[in-house]
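Take a look at the structure below. The text that follows walks through it part by part.

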Amino acid sequence: MNKIIYADYDEEGVFVYQAFKPKIVAVAVELNKFGKGFGVDRISWIKPSLGWMLRRSKYATKHRMDAIARIKLSHKSWLEILQQSIPTHFDEERYSNENEWQSALKNSDVIHQWDPERSLKGERLDRQAIQIGLRGDVLKKYKDEYVIGVEDITELAKSIGYSAKKRQPFPSNIPTEKEYLINENLKLILGY
């Protein structure tokens, strides 16, 4: 299965998604960055795939995942995050042995894994979707510096879920995702 980053992006930056309790998203929208309720003491996962986020949160209906934030990061910040990432599974193309990988994984503030990509209906697609786990200093920078915009797309998520369940046309304001091009070095880091 192909490993390709698909994301919604423009000249200014790239969008990722996270699901939280509604209060956390409301504060983030108000501040245009994360604030009260956003924890930095454990791994926080970001996903550029809306379909994957919708499935994971059950269209913003899952407990403690019933609000979805659409977060904008500058391209510089996004690439800086990806550059530091270590896979959650051993990659023999990148590491000479499992001990080397385990050490890198333990000491990194950014990890990634590839999961089956999902359509807006929740169907499995023939490509992988990346999710990025942030912790430590990188998560603090994400909270305080990297985020350049936040919007609440909970109602859109629920509307997509309703349309999928009822087999009706999807809303017209769904973000368009396309391949996010990266250089060869980053492809090696991410296990393309």
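**Rings, charges and pockets**

The charged end of R70 sits over the ring of F15, at 3.6 Å from the ring's centre. This comes from a predicted model. A second case of this kind involves K178 and Y9. Here the charged end of K178 lies over the ring of Y9, 4.2 Å from its centre.

Rings also meet other rings. Searching the whole structure gives 9 aromatic pairs. One aromatic cluster is formed by F20, F34, F38 and Y142.

F20 leads on to the pockets. General background comes first. A probe the size of a water molecule, rolled over the atoms, shows where empty space is left. In this model, the largest pocket holds about 500 Å³ of space. Which residues are closest to its centre? They are A19, F20, R42, S44 and R64, out of 20 residues that line this pocket. So F20 has two roles to follow: F20 is in the aromatic cluster, and F20 is among the residues closest to the centre of the largest pocket. Three elements each give two or more residues to the lining of the largest pocket: β3 (13–20), β4 (44–46) and α2 (50–56). By type, the lining of the largest pocket divides into 9 nonpolar, 6 polar and 5 charged residues.

Now turn to the second largest pocket. About 160 Å³ of space lies there. Its lining is made up of K3, P87, T88, H89, F90, D91, H112, Q113, W114, D115, L190 and G191. Which strand gives the largest share of this lining? That strand is β7 (residues 110–118), with 4 residues. The lining of the second largest pocket divides into 4 nonpolar, 5 polar and 3 charged residues.

One more residue deserves a stop: K21. Its place is in the loop between β3 and α1 (22–31). Is K21 buried, exposed or partly exposed? K21 counts as partly exposed because its relative accessibility is 37%, and the partly exposed range runs between 20% and 50%.

What does K21 touch beyond its neighbours within four places in sequence? K21 is in contact with R64, D66 and A67. R64 has already appeared, as one of the residues closest to the centre of the largest pocket. Along the chain, K21 and R64 are 43 residues apart. Their C-alpha atoms, however, are separated by 4.8 Å.

Key
Residues numbered from 1 in each chain as written. Predicted model: local features only at pLDDT ≥ 70, side-chain atom pairs only at ≥ 80, totals over all residues. Heavy atoms only, no water. 1 Å grid on protein atoms, 1.4 Å probe; cavity = no way out; pocket = protein on both sides within 12 Å on 5 of 7 lines; lining within 4 Å. Points joined across faces, edges and corners; volume = space filled by probe spheres on them. Nonpolar A, V, L, I, M, F, W, Y, C, P; charged D, E, K, R; others polar. Phe/Tyr/Trp six-rings, centres within 6.5 Å; stacked < 30°, edge-to-face > 60°. Lys NZ or Arg CZ within 6 Å of the ring centre and 35° of its normal. Buried < 20%, exposed > 50% of the residue type's maximum accessible area, 1.4 Å probe, protein only. Contact = heavy atoms within 4.5 Å.
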